[in-house]
Amino acid sequence: MSDLRSKILFYLGLAVFMVLCIPLLPRYVLTLTTSILIYSIYVSSVNLLTGYGGLISLGQGMFWGTSAYLVAVLTTLNILKNFYLTTLLTLLSIIVLSACFGALAVRVKRLYFMILTFAFGHIMWCIAMYPIQSITHGFDGIRGIVRPDLGLPWSLENDLTFYYFVLIVGGICFYLIYRIIKSPYGLAMIGVRDNEHRMLALGYNTFLYKLICYVLSAVIAGIGGILFAYFNLYVNPSELHWLWSGDALMMTFIGGIGTFWGPVLGALVYTGLRYWVSAYTMYWFGIEGIIFILVVLFFRGGVVGFLDQLKRRLTDGGAAHR
Amino acid sequence: MEALRIDRVCKNFGALRVLNRVSFAISTSEKRVIIIGPNGAGKTTLFNAIMGELQPSSGHIYLMSKDITKMARHRRPHLGLGRTFQIIDLLPDFTVQENVLLALQAHRNFRYRMFKPVRRYKDLYEKTGWLLGQVNLEEKKDLPIRALSNGEMRLVELLMGIAAEPKIVLLDEPAAGLTSSESEWLADVIKRVLKEVTVVMIEHDMKIAFMLAERIIVLYQGMVIADGKPSDIRANPKVREVYLGSESTD
Amino acid sequence: MLNVAMAISQLLNGLAFGMLLFLLAAGLSLMFGLMGIVNLAHGSYFMVGAFSGLTALEATGSFLLAILVGSLSGTFLGFLTERFFLRRVYSLRHHEPILLTFALSLVLSDLSLFLWSGTPRWVQVPEYLSFTLNIAGNFYPAYRLAIILGGIIIFVAIYLFQEKTLWGAIVRAGVDDKEMATGLGINIPLVFTIVFCFGAFLAGFGGFVGSPILGVFVGLDIEIIMLALAVVIVGGIGSLPGCLVTCLFLGIADTFGKVLWPAYSSLTIYAILVMVLLVRPTGLFGKGGTN
């Protein structure tokens with residue numbers, strides 16, 4: 001019983017901290033936390049695909065960036081100003097895009113999958129870089145996005161309200177991912193990750209499982225992208241660049257791949273480190289590489305794994321984790 | 001009714017002919033068919049072809065009178081086909097229970113559902129518990145596969161192939177690597193749990209083969225050289241010639 | 001549009017570029033076939049080879065020495081990678097080596113930025129090769145022809161080595177069945193290191209030798225590794241001649257792509273990759289099935 005109790009206390013404490021404490025801190029902490037939350041949605045999509053699905057993609061940024069661009073284009077060109085319709089259209093496009101790409105990509109060997117996803121992402125980046133009749137503005141990106149009107153009494157122009165908005169959406173996303181992992185589909189997906197050969201012999205259509213995982217993960221990345229567009233009010237091709245997809249992988253591993261809290265911790269550590277390091281040197285990517293090498297060699301479970309080990313050493317014993 | 005029919009199946013790997021016009025039919029009334037043959041005879045390749053892991057170079061395979069020669073691999077178990085592997089092929093990080101759950105879940109239409117947690121599907125767990133009880137592994141159900149002994153893993157491997165109640169099951173050397181008493185226990189389990197199922201088994205252990213078999217098919221260099229009752233096979237001169245010097249019959 | 005003389009000229013450009021790709025792809029293919037490792041840092045060896053060769057050239061004026069320096073720096077980096085990083089993760093799951101080499105490429109990229117700065121540089125073709133030959137109405141640079149020729153010689157050398165020598169047989173045995181090879185007394189870890197270093201040597205060599213054509217800049221590493229990987233996949237793993245043919249074909253395709261649709265030229269090879277995998281998921285000359 002005390003295990004359940006400590007869990008409830010933990011979540012309660014977390015909720016209090018996120019809802020009440022953060023807003024009381026200086027404003028830049030609020031916006032930083034908002035961005036970390038949005039990034040962790042992105043990272044959790046990669047965690048779903050790579051950690052639970054076992055598919056390493058170098059192109060998840062494609063879905064993040066495409067949805068950010070779709071929001072930008074739809075709103076700044078006055079095609080669709082309604083938040084709900086814009087979101088619906090964007091997510092539908094992401095579903096179609098990921099279903100098409102995924103159907104090709106998940107059929108092949110894992111190595112080829114990685115290169116293919118890189119290729120797809122690169123294609124999208126090239127399209128954004130080349131100004132299509134001044135829609136995408138190429139290298140400059142698109143400015144002038146405005147915070148959406150949800151039709152509620154609270155305006156999202158306010159940083160605080162937007163923070164709560166992101167908190168709610170993020171919470172829903174994480175909860176949905178949790179349910180998916182614990183469901184029959186989730187169990188089978190992890191089985192496909194660990195032993196596709198046996199799963200096929202048991203009668204599972206592993207292609208379909210992988211495709212569904214790919215589409216789900218794309219949609220979540222897309223949700224992150226939408227939030228990002230409305231948060232940042234400006235999108236440029238770096239959101240589609242393969243480096244950003246690589247960063248997502250890094251964040252996932254730093255946090256702890258295939259774990260529930262990994263994405264948030266990974267996004268937190270990454271963002272914090274990036275801001276701190278970038279104040280001293282411009283060689284962030286090299287430092288990021290070194291950190292990553294250290295994580296892979298010495299901290300294989302990421303932050304979550306490290307904390308788990310600590311917990312295990314402080315309390316005797318501990319159950320085996322997947 | 002016909003459970004399995006192999007019709008002139010050939011399989012070539014480049015210049016190497018591993019299966020050479022293999023033909024036989026097994027009806028659902030037959031319960032224990034054992035395939036024997038020296039190493040390299042093509043037995044596992046035959047199983048792989050039946051399961052769809054490889055495509056025959058020519059010939060046809062019929063399961064329950066349906067031509068499955070070109071059918072996708074994952075659809076065949078749904079016609080009532082099960083298989084176990086010679087080299088244990090489980091999910092090592094999953095618990096014993098989870099392995100069997102997956103085997104059962106494969107045939108349920110909720111296997112794509114995403115919102116109800118697996119543990120709420122009570123009947124799945126009941127069935128799993130029953131199956132594990134049949135092989136005395138119920139206390140170990142929460143252990144990861146890695147923690148089991150070889151003999152116990154073989155039992156789980158067996159369960160994986162039969163959990164979904166196939167009409168015909170392919171057992172590939174289910175007793176490989178087991179001690180004498182462990183293999184007797186396994187044979188006993190097979191006799192008990194698979195009473196009504198058509199079992200097609202590859203076996204190297206002659207004792208078990210002749211003990212369990214109603215019918216024996218002998219494969220040699222990819223060809224069927226003998227096919228019939230155990231007593232006939234024992235007396236067959238071709239079979240003695242193939243085995244003399246390489247393995248002992250009794 | 002294109003007239004015949006231009007077309008031939010571009011064809012030769014494509015062959016030269018394809019040869020450079022081959023220097024990378026051969027090493028990658030061998031590494032993957034033998035060790036199951038995708039080395040994303042391979043492009044970094046290429047780039048660092050170019051940079052260090054350039055430095056050597058500026059310091060000594062000797063092109064040949066620069067080639068040596070470039071090749072050796074590539075080899076050295078390869079050795080470091082294999083010996084100190086990859087060795088620790090061979091036994092782990094599939095993704096660790098890939099990500100490790102990816103991280104390494106980031107480190108090497110920034111290191112290069114630090115050592116050589118971000119301005120793109122160009123290497124001068126040496127005096128004795130800076131003449132042109134008249135081919136089908138073009139004055140075609142001899143240097144590029146030298147690259148094509150050199151590539152063919154290297155291909156033949158590797159092929160003969162692989163097929164005809166004892167060492168080659170050892171490598172092939174390792175690719176086919178590591179356990180058996182170890183059982184026969186072959187020192188597999190040593191073979192891995194040697195093969196890896198050889199691949200890195202080719203990369204460093206190709207980086208500097210290719211620098212008069214491709215330039216030397218930070219970012220070359222990623223551009224070239226992704227192209228080389230795409231080539232390896234299109235060609236499939238397991239056949240050296242297949243690898244060469246694919247490299248030349250894609251080199252030509254890329255070159256013509258740059259001429260015909262310059263805005264999207266960087267996509268030509270990837271577009272071909274997608275199309276090939278649609279039809280043949282194992283690549284054109286590949287052995288083995290999916291997953």
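Reader: How many residues does each chain bring to the contact of chain A with chain C?

Author: Two residues are in contact if their C-beta atoms, placed from the backbone, lie within 7 Å. Here, chain A brings 31 residues and chain C brings 35 residues. The model is a predicted one, in which local features need pLDDT of at least 70 and side-chain atom pairs count only at pLDDT 80 or more, while totals for chains, interfaces and linings use all residues. Residues are numbered from 1 along each chain as its sequence is written, and chains are lettered from A and ligands numbered from 1 in the order in which they are written.

Reader: Which element gives the largest share of the side of chain A that touches chain C?

Author: Helices (H or I, at least four residues) and strands (E, at least two) are DSSP runs, numbered from the N terminus. On this side, α5 (110–129), α10 (242–255) and α12 (284–298) of chain A give two or more residues. The largest share, eleven residues, is from α5(A).

Reader: And how do the residues of that side divide by type?

Author: Ala, Val, Leu, Ile, Met, Phe, Trp, Tyr, Cys and Pro count as nonpolar, Asp, Glu, Lys and Arg as charged, and the others, Gly among them, as polar. The side of chain A that touches chain C has 22 nonpolar, four polar and five charged residues.

Reader: How can I check a helix, say α3 (residues 61–76) of chain A, against its expected span?

Author: The expected span is 1.5 Å times one less than the number of residues. For the 16 residues of α3(A) that gives 22 Å, and the end C-alpha atoms are 22 Å apart, which agrees. Just after α3(A), A:Asn78 has a positive phi of about 60°.

Reader: Is α3(A) mostly covered or mostly open, and how many of its residues are buried?

Author: A residue is buried if 20 or more other C-beta atoms, placed from the backbone, lie within 10 Å of its own. By that count, 15 of the 16 residues of α3(A) are buried, and the helix is mostly covered.

Reader: Now to chain B: what are its domains, and where do they lie?

Author: Domain bounds come from an automatic or database domain assignment. Chain B has domain 1 (1–80 + 166–250) and domain 2 (91–164), with their C-alpha centres 26 Å apart. In their contact, 14 residues of domain 1 of chain B meet eleven residues of domain 2 of chain B. On the domain 1 side, α5 (180–193) of chain B gives the most, with four residues.

Note on methods:
A residue is buried if 20 or more other C-beta atoms lie within 10 Å of its own, exposed if 12 or fewer, and partly exposed in between; C-beta atoms are placed from the backbone.
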